[in-house]
Amino acid sequence: MNKKMTGRKLIRLSQIKEKMAREKLEEVDWVTFGVILKKVTPQSTNSGKTFSIWRLNDLRDLTQHISLFLFGDVHKDLWKTEQGTVIGLLNANPMKPRDGSEEVCLSIDHPQKVLIMGEALDLGTCKAKKKNGEPCTQIVNLNDCEYCQYHIQAQYKKLSAKRADLQSTFSGGQIPKKFARKGTSLKERLCQDGFYYGGVSSTSYLGSL
């Protein structure tokens with residue numbers, strides 16, 4: 001891997017949009033890595049040729065996605081790659097998005113420019129439930145937290161409303177010293193099974209949302 005990276009510029013998937021606005025990636029020897037979150041059913045062009053679309057994310061910023069288009073031999077060789085697979089992309093080609101769309105689209109012109117690295121062990125779905133009782137389907141990075149940002153914020157508001165001391169924290173202030181733990185953020189505490197309020201764990205609260 002180190003040999004393959006020698007002399008190449010690493011660009012995080014979540015930063016590609018920003019880089020494309022400032023640099024011509026076509027002139028850069030670069031590489032990026034991401035996880036296949038979704039695969040669109042193979043599509044057909046007007047000429048009858050089949051292609052695939054993968055939706056990628058690097059699990060750092062779950063709001064930033066890239067659409068990777070696979071045509072020709074790339075589609076033929078790789079379309080069976082499973083969701084949840086970590087891949088590397090070498091010198092992917094920027095594509096012009098549809099009119100009115102800000103989506104970042106890339107394509108690969110050779111199968112060997114896609115490196116299949118294995119399963120993304122940190123990829124998961126939120127453990128909370130929706131108000132209708134169904135499981136939340138939002139993607140999460142299990143290494144950060146087992147709950148999505150929406151449910152963390154919802155729980156945050158509940159705890160803040162129940163305890164006036166936390167209200168200033170939610171509005172952007174500092175965590176009161178008597179509740180603060182050295183080196184631990186409130187988000188991390190909300191994601192830990194050991195965080196309790198009123199005798200009920202944060203996990204129990206989240207499960208009831």
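Where is the place of L59? Select that residue and you land in the loop between β3 (50-57) and β4 (66-70). Keep in mind as you go that this is a predicted model.

**Stop 1: L59**

Check the backbone here. L59 has a phi near 65°, which is a positive value in a residue other than glycine. Now switch on a surface: the relative accessible area of L59 is 7%, and the residue is buried.

**Stop 2: N91**

Next, select N91, in the loop between β5 (85-90) and β6 (93-95). N91 isn't a glycine either, yet its phi is positive, at about 50°. While you're here, colour by pLDDT and look at β5, where confidence is highest in the protein, at a mean of 96.

**Stop 3: the cysteines**

Now pick C126, C136 and C148 and show their side chains. How many disulfides does the count come to? Zero. The closest cysteine sulfur to that of C126 belongs to C148, and because the two are 3.8 Å apart, they are too far for a bond; the cut-off is 2.5 Å. C136 is in no disulfide either, with the sulfur of C126, its nearest cysteine sulfur, 3.9 Å away.

Are C126 and C136 buried or exposed? C126 counts as buried, at 4% relative accessibility. C136 counts as buried too, at 7%.

**Stop 4: the whole chain**

Zoom out and switch to cartoon. You should find seven helices and twelve strands. Of the 209 residues, 35% count as buried. Turn the surface back on for the full protein: about 13100 Å² is exposed, and carbon and sulfur atoms supply 48% of that.

If you like contact maps, draw one now. Taking contacts in the protein with a separation of 6 or more, 50% of them come from residues 24 or more positions apart.

**Stop 5: the low-confidence end**

Leave the pLDDT colouring on for the last stop. The protein averages 80, and 74% of the residues score at least 70. Then select residues 193-209, where pLDDT stays under 50. Within that range sits strand β11 (residues 196-197), where confidence is lowest, at a mean of 36. The model does have 40 contacts beyond four places in sequence for residues 193-209. Still, where pLDDT is low, predicted coordinates shouldn't be read in detail.

Key. Residues are numbered from 1 along each chain as its sequence is written. Side-chain values use heavy atoms; hydrogens and water are left out. Helices (H or I, at least four residues) and strands (E, at least two) are DSSP runs, numbered from the N terminus. Buried means under 20% relative accessible area, exposed over 50%, partly exposed in between (1.4 Å probe, protein chains only). Contact means heavy atoms within 4.5 Å. Accessible areas come from the Shrake-Rupley method with a 1.4 Å probe; for residues, only the protein chains shown count as cover. pLDDT is the predictor's confidence in each residue, from 0 to 100.
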